[in-house]
Each structure stands twice: as C-alpha cells, then as structure tokens.
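Grab a pencil and work through these exercises with the model open beside you. Try each task before you read its solution.

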Amino acid sequence: MPQQLFPTVLTLCNFTCGVSAILFVFEQKVGMSILYISLGLVFDSLDGWAARELNAVSTFGKELDSLSDIVTFGLAPSIVAYQLVLSGLGKVGLGIVLFFTIGSVLRLARFNTMQSDLPVFVGLPVPGAAIGLLVSVLFMPPWLVAISTCFLAWLMVSHVRFPHFKKMKVDEEKANGFH
C-alpha cells in the first residue's frame, strides 16, 4: 500500500465507524453506537499522525477527515442523544440536535478554511464536543442534557481558544532540534 494511501484508509475507517454508529442506534443498540464513535476517535487520531509521519499530508486528506468527522462526531452523537434523551422533548429536542449538528459542520468548515495552521483551536474541536455530548447523555438528567448540548454547540462555533496539543508538541520538537 503506498504511503499516501494509508492515512486515507484510516480516515475511511473513522467514517465507517460513524456510519456504523448511526446504524446501531436505529437497531436500538446504543452501547454499540457509543463504542463505534469511540473507535472513530482512535482512527481520527491515527490518520493525522500517519499522514504527518509518512509525509502524506494533503488538502484532500484534510477535507476527507472533516467530512468523516461530521458523520462520526457531529451526526452520530446527535442521533444517540436524540434517541436516548432528547426525543422526549419533541420538536425542541429535534431543534437541539440540529443545533449541535450544524455547529459541528460550521466548526469544521471554519477550521479547514481559516484555522488549520494555527497553534490553537478557535472553538471546541468537534471530537471534544462529541465526547462531551455522550458523557452528558449517559450521566445527566434530560434538562441538563438539553442545556449542555446547546452549550457544546455554542463552544464549537465560539472564539474560545483551546490548546492544540499536536501543534504544541511539533513546535516544542522544532524548538529543541528534533524532527
């Protein structure tokens, strides 16, 4: 397998995890859905690492990664939240999950067009928001899930700065003469 193809395969594994997570929700297997979203996190971490290590970073890979992230970390957790908790709120619950999903799409579009080279994240990264949403669904009462989902959506599109650990590590290695 050519070195440029390996990161793409990992990104497609992330996407496949997202689609699988959605299908498991429809089969009432929410635990499996959460497992596949979690597995998607692993593939999402590995694809960028592999691209950097193999010198295979590309615009195509960045776009494919964001499209996969929309499915795995924007849409799939929203469907889980709706199925487990927010459907009980009727149209308000539907509006809340749409707000979260739209926030993830806007966050990723902004990242790709304006922020991918910054040393920090501006707005909460979508995988972090997905983790926050799943934790709230599993451990909070419905009214607090609704509030936290809206808050996470807002954080994604906000201008709050979050550390970009991968960029910090690369910058430290360059400063110390490594890499």
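Before you start, here is a term you'll need: a crossing is left-handed if the near helix is turned anticlockwise from the far one by less than a right angle, and right-handed if clockwise. Also keep in mind that this is a predicted model.

**Exercise 1. Get your bearings**

Task: Find how many helices and strands the protein chain has, and work out the pattern they follow along the sequence.

Solution:
- Step 1. Count the elements: the protein chain has 7 helices and 2 strands.
- Step 2. Now read along the sequence, and you get α-α-α-α-β-α-α-β-α.
- Step 3. Check how much is tucked away: 44% of the 179 residues of the protein chain count as buried.
- Step 4. Look at the contacts with a separation of 6 or more: 75% of them join residues 24 or more positions apart.

**Exercise 2. Helix against helix**

Task: Decide how helix 3 and helix 5 lie relative to each other, parallel or antiparallel, and give the handedness of their crossing.

Solution:
- Step 1. Start with the geometry: the axes of helix 3 and helix 5 are 9 Å apart, and the packing angle is about 15°.
- Step 2. Apply the cut-off: angles under 35 degrees count as roughly parallel, so helix 3 and helix 5 are roughly parallel to each other.
- Step 3. Add the handedness: helix 3 passes helix 5 in a left-handed crossing.
- Step 4. See who does the touching: helix 3 contributes D69, F73, G74, P77, S78, V80, A81 and L84, while V126, P127, A130, L133, L134 and V137 come from helix 5.

Task: Do the same for helix 1 with helix 2, and for helix 1 with helix 3.

Solution:
- Step 1. Helix 1 and helix 2 pack at about 165°, and their axes are 8 Å apart.
- Step 2. Angles over 145 degrees count as roughly antiparallel, so that is the label for helix 1 and helix 2.
- Step 3. The crossing of helix 1 and helix 2 is left-handed.
- Step 4. For helix 1 and helix 3, the axes come within 9 Å and cross at roughly 15°.
- Step 5. That angle makes helix 1 roughly parallel to helix 3, and helix 1 passes helix 3 in a left-handed crossing.

**Exercise 3. Into the core**

Task: Find which residues touch the most other members of the largest nonpolar core, and which elements give two or more residues to this core.

Solution:
- Step 1. Recall a general point: in soluble globular proteins, nonpolar side chains tend to be buried together.
- Step 2. The largest nonpolar core has 31 residues, and I37, V80, L86 and F100 touch the most other members.
- Step 3. Helix 1 (5-26), helix 2 (30-53), helix 3 (59-84), helix 4 (91-115), helix 5 (126-139) and helix 6 (142-157) each give two or more residues to this core.
- Step 4. Zoom in on L86: leaving aside neighbours within four places in sequence, L86 is in contact with A81, G93, I96, V97, V145, A146 and T149.

**Exercise 4. Buried or exposed?**

Task: Sort L10, S33, Q28 and N55 into buried and exposed.

Solution:
- Step 1. Note the cut-offs: buried is under 20% relative accessible area, exposed is over 50%.
- Step 2. L10, in helix 1, has 9%, so L10 is buried. Not counting residues up to four places away, L10 touches F43, L46, D47 and A50. The C-alpha atoms of L10 and L46 are 6.9 Å apart, although 36 residues separate the two along the chain.
- Step 3. S33, in helix 2, has 0%, so S33 is buried. With residues up to four places away left out, S33 touches A21, I22, F24, V25 and V80.
- Step 4. Q28 sits in the loop between helix 1 and helix 2; at 56%, Q28 counts as exposed.
- Step 5. N55 sits in the loop between helix 2 and helix 3; at 69%, N55 counts as exposed.
- Step 6. Here's a twist. Most residues other than glycine have a negative phi. Yet Q28 has a positive phi of about 65°, and phi of N55 is near 55°.

**Exercise 5. A pair of rings**

Task: Describe the aromatic pair formed by F111 and F121.

Solution:
- Step 1. The count of aromatic pairs comes to 3.
- Step 2. F111 and F121 form one that is tilted, at 6.0 Å centre to centre with 40° between the planes.
- Step 3. F111 lies in helix 4 and F121 in strand 1 (residues 120-122), so the pair ties together parts that are 10 residues apart in sequence.
- Step 4. Finally, both F111 and F121 are buried.

Methods. Residues numbered from 1 in each chain as written. Predicted model: local features only at pLDDT ≥ 70, side-chain atom pairs only at ≥ 80, totals over all residues. Heavy atoms only, no water. Core = buried A, V, L, I, M, F, W, Y, C linked by side-chain atoms within 4.5 Å. Buried < 20%, exposed > 50% of the residue type's maximum accessible area, 1.4 Å probe, protein only. Helix = DSSP H or I, 4+ residues; strand = E, 2+ residues; numbered from the N terminus. Contact = heavy atoms within 4.5 Å. Phe/Tyr/Trp six-rings, centres within 6.5 Å; stacked < 30°, edge-to-face > 60°. Axes fitted to C-alpha atoms, helices over the stretch in contact; angles between N-to-C directions. Parallel < 35°, antiparallel > 145°, perpendicular 65-115°, else oblique.
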